[in-house]
Amino acid sequence: YTKRYVAGGLSLIGVTTVGVLVAAPLITSVLAPGVGISLRPMIIILFGFYICLRVWSDTFSMLLQSADRVRPLVGIVLLQGVL
């Protein structure tokens, strides 16, 4: 199940990131009409990468919690805070 959930989550985030990249001009014109703001593609890609990291780490943190092995989460939470 874990492989399926991680693969599904990463795939969904990848498709959503590409969709936001394509629709970025429309999104900015709706959210900030007349302001002339443009989102850089690298920012959108980095946010997509960050969400992929969250999917990965949150999946395994739930597994560790359900197995009552919370000690490794201390290092993982520290790493997330640094990132």
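Colleague: Let's start with Asp-58: what does Asp-58 count as, at 30% relative accessibility?

Modeller: Asp-58 counts as partly exposed, because its relative accessibility is 30% and the partly exposed class sits between under 20% for buried and over 50% for exposed. Keep in mind that this is a predicted model.

Colleague: Okay, and which residue forms a salt bridge with Asp-58?

Modeller: That's Arg-54, and the closest N and O atoms of the two are 3.0 Å apart.

Colleague: Where do Arg-54 and Asp-58 lie?

Modeller: They both lie in helix H2. Four residues separate Arg-54 from Asp-58, about one turn of the helix.

Colleague: And is Arg-54 buried, exposed or partly exposed at 32% relative accessibility?

Modeller: Arg-54 is partly exposed, because 32% falls between the two limits.

Colleague: How many salt bridges does a search of the whole structure find?

Modeller: One.

Colleague: Let's stay in that helix. Where does Thr-59 lie?

Modeller: Thr-59 is in helix H2. Its relative accessibility is 18%, so it counts as buried, the limit being under 20%.

Colleague: What does the side chain of Thr-59 reach?

Modeller: The backbone oxygen of Val-55, at 2.7 Å.

Colleague: And which residues does Thr-59 touch, not counting residues up to four places away in sequence?

Modeller: Thr-2, Val-6 and Arg-54. You've met Arg-54 already, as the salt-bridge partner of Asp-58.

Colleague: How far apart in space are Thr-59 and Ile-44?

Modeller: C-alpha to C-alpha, Thr-59 and Ile-44 are 23 Å apart, with their positions 15 residues apart in sequence.

Colleague: Is there another threonine to look at? Where is Thr-17 found?

Modeller: Thr-17 is found in helix H1. With a relative accessible area of 15%, Thr-17 is under the 20% limit and therefore buried.

Colleague: What does the side chain of Thr-17 reach?

Modeller: The side chain of Thr-17 gets to the backbone oxygen of Ile-13, at 2.8 Å. If you leave out residues up to four places away in sequence, Thr-17 touches Ile-44, Ile-45 and Gly-48.

Colleague: New topic: aromatics. How many aromatic pairs does the structure hold?

Modeller: Two. One of them is Tyr-1 with Tyr-5, a stacked pair with 6.2 Å centre to centre and 15° between the planes.

Colleague: Are Tyr-1 and Tyr-5 buried or exposed?

Modeller: Both Tyr-1 and Tyr-5 are exposed.

Colleague: And what kind of aromatic pair do Trp-56 and Phe-60 form?

Modeller: A tilted one: the centres are 4.9 Å apart, with 55° between the planes.

Colleague: Why are Trp-56 and Phe-60 separated by about one helical turn?

Modeller: Because they are four residues apart in helix H2, which covers residues 41–66.

Colleague: How exposed are Trp-56 and Phe-60?

Modeller: Trp-56 is partly exposed, at 46% relative accessibility. Phe-60 is partly exposed too, with a relative accessible area of 30%.

Colleague: On to the surface. Which residues form a nonpolar patch?

Modeller: Val-20, Leu-26, Ile-27, Val-30 and Leu-31. Together they have about 470 Å² of accessible area.

Colleague: Where is Val-20 found?

Modeller: In helix H1, which takes in residues 2–31. At 31% relative accessibility, Val-20 counts as partly exposed.

Colleague: Last stop, two more valines. Where is Val-70 found?

Modeller: Val-70 is in the loop between H2 and helix H3, where H3 spans 71–82. Its relative accessible area is 43%, so Val-70 is partly exposed. From Val-70 to Arg-40 there are 39 Å in space, C-alpha to C-alpha, and 30 residues in sequence.

Colleague: And what does Val-74 count as, at 61% relative accessibility?

Modeller: Val-74 counts as exposed, because 61% is over 50%. Val-74 lies in helix H3.

Colleague: What separation do the C-alpha atoms of Val-74 and Gly-8 have?

Modeller: Those C-alpha atoms are separated by 26 Å, and Val-74 and Gly-8 are 66 residues apart along the chain.

Notes
Residues are numbered from 1 along each chain as its sequence is written. This is a predicted model: local features need pLDDT of at least 70, side-chain atom pairs count only at pLDDT 80 or more; totals for chains, interfaces and linings use all residues. Side-chain values use heavy atoms; hydrogens and water are left out. Patches are made of residues with over 30% relative accessible area and no salt bridge: like charges are joined within 9 Å, nonpolar side chains (Val, Leu, Ile, Met, Phe, Trp, Tyr) within 5 Å. Accessible areas come from the Shrake-Rupley method with a 1.4 Å probe; for residues, only the protein chains shown count as cover. A salt bridge is a side-chain nitrogen of Lys or Arg within 4 Å of a carboxyl oxygen of Asp or Glu. Helices (H or I, at least four residues) and strands (E, at least two) are DSSP runs, numbered from the N terminus. Buried means under 20% relative accessible area, exposed over 50%, partly exposed in between (1.4 Å probe, protein chains only). Rings of Phe, Tyr and Trp (its six-membered ring) pair if their centres lie within 6.5 Å; planes under 30 degrees apart count as stacked, over 60 as edge-to-face and the rest as tilted. Contact means heavy atoms within 4.5 Å. A polar contact is a pair of N or O atoms within 3.5 Å; within protein, one must be able to donate a hydrogen and the other to accept it, and residues adjacent in sequence count only if both atoms are side-chain atoms.
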